[in-house]
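Me: I am new to this structure. Please take me through it in short steps.

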Amino acid sequence: MHHVHVDSWSQGKSVLHARDPRAKILTLLVFLTVLATTPADAALTLGIDAAVLVAGILIAGLPLLQLLSRAMVVLPFSLTFGLISWMTGDHLRAIGLVEKSYLSAAAVLLIVGTTSLPALLNGFEKLGAPRMLVLVAQFIYRYLFVISEQAQHMRLAASARQGDPRLHGKGRFRAAAGALAVLFARSYYRADGIHRAMLARAFTGRFPLLSSLHFRLADGLFLLTASAFLIVVRTQ
Amino acid sequence: MHIPDNFLSIPVWAALDAVSIPAVVLLSRRAGSELDESRIPLLGVMGAFVFAAQMINFPVGIGTSGHLVGGALLACVLGAAPAALVMTAIIAIQAFVFQDGGVLALGANVFNMAIAGVLAGYLPIHFWSTTARRKQAIFVGAVLSVMVSASLAMGELLISGIAMPKPVIVISLALFAMSALIEGAITIAVVQAIEKLNPGLIQKKQPSSGRALIVLSTVAVLLGGVGFLMASSAPDGIEQIGIKLGLAAKTQFHAPLADYSVGVFESSWLRRASAGLAGLLLIYGVCLGAGRLIGRRRTV
Amino acid sequence: MTPLIEVRGLRFQYEDGTQALDGVDFTLERGETVALFGANGSGKTTFVLHLNGILRGEGNISVCGMELSKQTLPQIRAKIGMVFQDSDEQLFMPTVIEDVAFGPLNLGVSQHDAIHQAEAALEQVGMLLAAGKVPYHLSAGEKKRVALAGVLAMNPEILVLDEPSTFLDPPGHANLVHLLRTLPQSKLIITHDTHFAAALAGRAVFFEKGKLVADGTVEEIVQRFQWSYSDLPADLRYSAQRRF
């Protein structure tokens with residue numbers, strides 16, 4: 001599964017990995033905003049933006065080709081609309097759609113590939129994201145893969161029974177619904193179990209969070225120089 | 001239906017970010033006052049369940065299969081505000097970890113699916129969940145949640161000036177309708193299967209849902225309806241509306257691009273961009289401030 | 001000396017009416033390790049969940065001399081460290097260190113001290129190097145050790161372990177036995193694994209349909225109830241009536 005790659009990428013070590021997540025989030029936002037305002041035929045600007053991304057990927061020690069091909073997830077959507085735009089004569093937008101949505105995806109991958117999701121969520125919380133949202137996202141991410149694995153096993157078990165002539169159409173539909181119901185029940189009871197484990201360790205009703213982010217000079221420099229560079233390039 | 005970055009025009013995604021941010025802050029506070037933090041594991045696990053459930057294929061004949069989106073199911077199980085919060089978290093994770101949907105477009109996607117979609121799905125369930133029409137209510141809720149989010153997404157793309165000839169629009173709407181029906185079928189099938197397994201798991205009556213929520217839900221459905229109507233009218237009409245409102249990207253980029261003189265372009269871009277960034281910072285600051293104020297008022 | 005745990009007349013009924021516990025009396029003295037045997041559904045887990053107030057039934061429970069009540073719950077939960085069967089339910093925080101620090105932080109310890117206590121506990125179970133890791137990447141044995149660290153960080157006097165050797169491979173088994181032997185706390189161990197129990201416990205009790213029906217050494221209980229995987233019954237016929 002893809003997530004396994006991104007997860008292991010974020011465990012690496014580099015100057016980018018070491019940066020405070022807040023600096024990386026803000027730099028990403030600057031990059032995306034600048035990109036959004038760049039016209040589709042500003043080839044030089046787009047080229048430099050792409051070069052910046054590639055440089056970032058290499059500095060971070062991430063696998064370049066893997067990352068670039070992962071960014072292609074966005075292409076089906078953008079190529080479809082790009083094609084339609086091209087056919088209605090809006091060539092510029094067509095190219096822009098494909099180029100810029102791809103670069104955006106790659107930029108997001110660079111940040112997520114150098115920041116573990118818990119750290120990223122920590123960064124968002126410090127930047128003002130609502131606490132409930134951050135906590136829920138943390139829990140979703142924690143159990144996402146556990147439950148997905150369970151779902152995979154169910155799919156395997158179901159496909160192993162594919163040859164059953166009694167199951168077709170409506171039957172298979174009901175079987176899938178039944179599988180989801182079982183998954184639901186197990187998830188529901190899992191939440192129960194988690195709650196008990198929390199109580200057993202003296203949970204007070206409010207999650208105690210470890211806040212271990214330190215915004216250092218290096219982070220400030222990174223944010224400022226990257227943003228300044230991108231903006232300057234854009235205005236040339 | 002997850003819109004990537006660089007599809008929507010700047011005013012559209014910025015406006016939706018501006019709307020979604022305070023909305024999510026409000027939802028968080030509402031979910032936080034309805035339940036103390038001990039329900040967070042349930043919300044998280046349910047969110048993980050929906051994520052995983054999206055991987056299970058439901059055969060719908062003619063070689064196609066659909067999958068659950070989950071907004072209505074979550075609303076059924078958790079209530080409207082928590083469901084919207086969970087969907088927001090899911091959409092955010094999808095954008096960052098899976099590049100499904102853009103980052104700047106998060107406001108739009110959250111608005112379409114987590115806010116409008118969930119609220120629209122919740123409405124029928126709220127009104128009819130204790131009556132004999134419960135199953136139909138859940139089905140209608142699921143259908144509405146998908147139709148509303150899809151229509152809004154379409155409307156936003158059209159206003160942004162994305163070219164969509166009539167046949168494309170018709171096909172898209174037909175696909176939305178199909179997905180909506182599939183969502184309804186899957187949701188009701190899963191709810192029934194769950195109740196067979198363990199009758200107590202899904203509450204028959206939502207614990208708390210004030211008038212505000214009903215109003216919001218109605219607005220969501222209406223918005224969706226507007227989006228749908230807009231999407232189904234001629235594409236040129238939409239673009240004209242968009243251009244007149246100054247929202248379509250055409251007014252932003254085609255005019256100055258036609259005039260490629262660097263001087264004018266440079267300064268006008270800088271002005272617009274810095275205005276845009278300043279505007280975003282302002283919105284961000286206002287939301288932070290508003291969020292803190294609201295929070296303070298609640299504790300008083 | 002005051003027993004560490006004293007239970008008198010514990011009764012508990014589930015919502016559907018089943019009598020899960022039907023008058024249980026139990027005492028745990030300091031320094032003891034007791035194995036809890038019994039068929040699935042006989043009330044072992046339900047029983048231990050009462051000791052730290054997760055379930056509330058009728059009867060008297062006192063832990064470390066404190067009567068179980070709303071006021072004493074936080075202290076009692078610090079005194080009893082409970083390790084659940086499913087480590088994935090126990091390790092719910094994003095990283096190992098955050099999870100192990102969860103307990104101390106709940107007890108009001110400062111962030112700085114909580115991290116210290118967490119690191120000390122991880123060191124004790126040999127998982128200090130995994131502090132920054134995500135639980136999903138750990139093996140079953142590693143998760144079990146981190147779960148144990150999570151309760152050790154709260155400095156408990158009693159450890160309760162619910163079927164700790166499930167999901168562990170033979171080396172994992174052996175490691176857990178060695179680790180548990182180094183821990184000074186008194187222990188309650190729910191297990192089906194009689195060898196595991198014999199290696200650790202001097203005493204065993206047997207649950208049957210919500211009642212505690214026997215109390216003796218591990219060998220005595222195993223003998224009396226024929227509670228062993230390795231001795232198959234003479235008539236090996238499948239019976240649909242026999243309850244699993």
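Reply: First, a term: helices are DSSP runs of H or I with at least four residues, numbered from the N terminus. The model is predicted.

Me: Which residue with a positive phi follows α3(A)?
Reply: Helix α3 of chain A covers residues 43-59. The positive phi comes after this helix, and its value is near 75°. The residue is A:G61.

Me: How far does α3(A) reach from its first C-alpha to its last?
Reply: The helix has 17 residues. At 1.5 Å a residue, the expected span is 24 Å, and the model comes close to that. The reach is 24 Å.

Me: Why do the buried residues of α3(A) sit on the same side?
Reply: A residue is buried if 20 or more other C-beta atoms lie within 10 Å of its own. In α3(A), A:L46, A:D49, A:L53, A:G56 and A:I57 are buried. They share a side of α3(A) because the arc they cover around the axis is only 100°.

Me: Which exposed residues does the face turned away from the buried side of α3(A) carry?
Reply: The buried residues have cover that includes α2, α4 and α6 of chain A. The face turned away carries exposed residues. These are A:A43, A:L44, A:G47, A:A51, A:A55 and A:L58.

Me: Which element gives the most to the side of chain A that touches chain B?
Reply: Here 72 residues of chain A are in contact with 66 residues of chain B. Elements giving two or more residues to the chain A side include α1, α8 and α9 of chain A. With 20 residues, the top contributor is α9(A).

Me: How many residues on that side of chain A are nonpolar?
Reply: The side of chain A that touches chain B also has 17 polar residues and eight charged ones. The nonpolar residues number 47.

Notes:
Residues numbered from 1 in each chain as written. Chains lettered and ligands numbered in written order. Predicted model: local features only at pLDDT ≥ 70, side-chain atom pairs only at ≥ 80, totals over all residues. Contact = placed C-beta atoms within 7 Å. Nonpolar A, V, L, I, M, F, W, Y, C, P; charged D, E, K, R; others polar. Expected span 1.5 Å × (residues − 1). Buried ≥ 20, exposed ≤ 12 C-beta atoms within 10 Å, placed from the backbone. Arc of directions from axis to C-beta.
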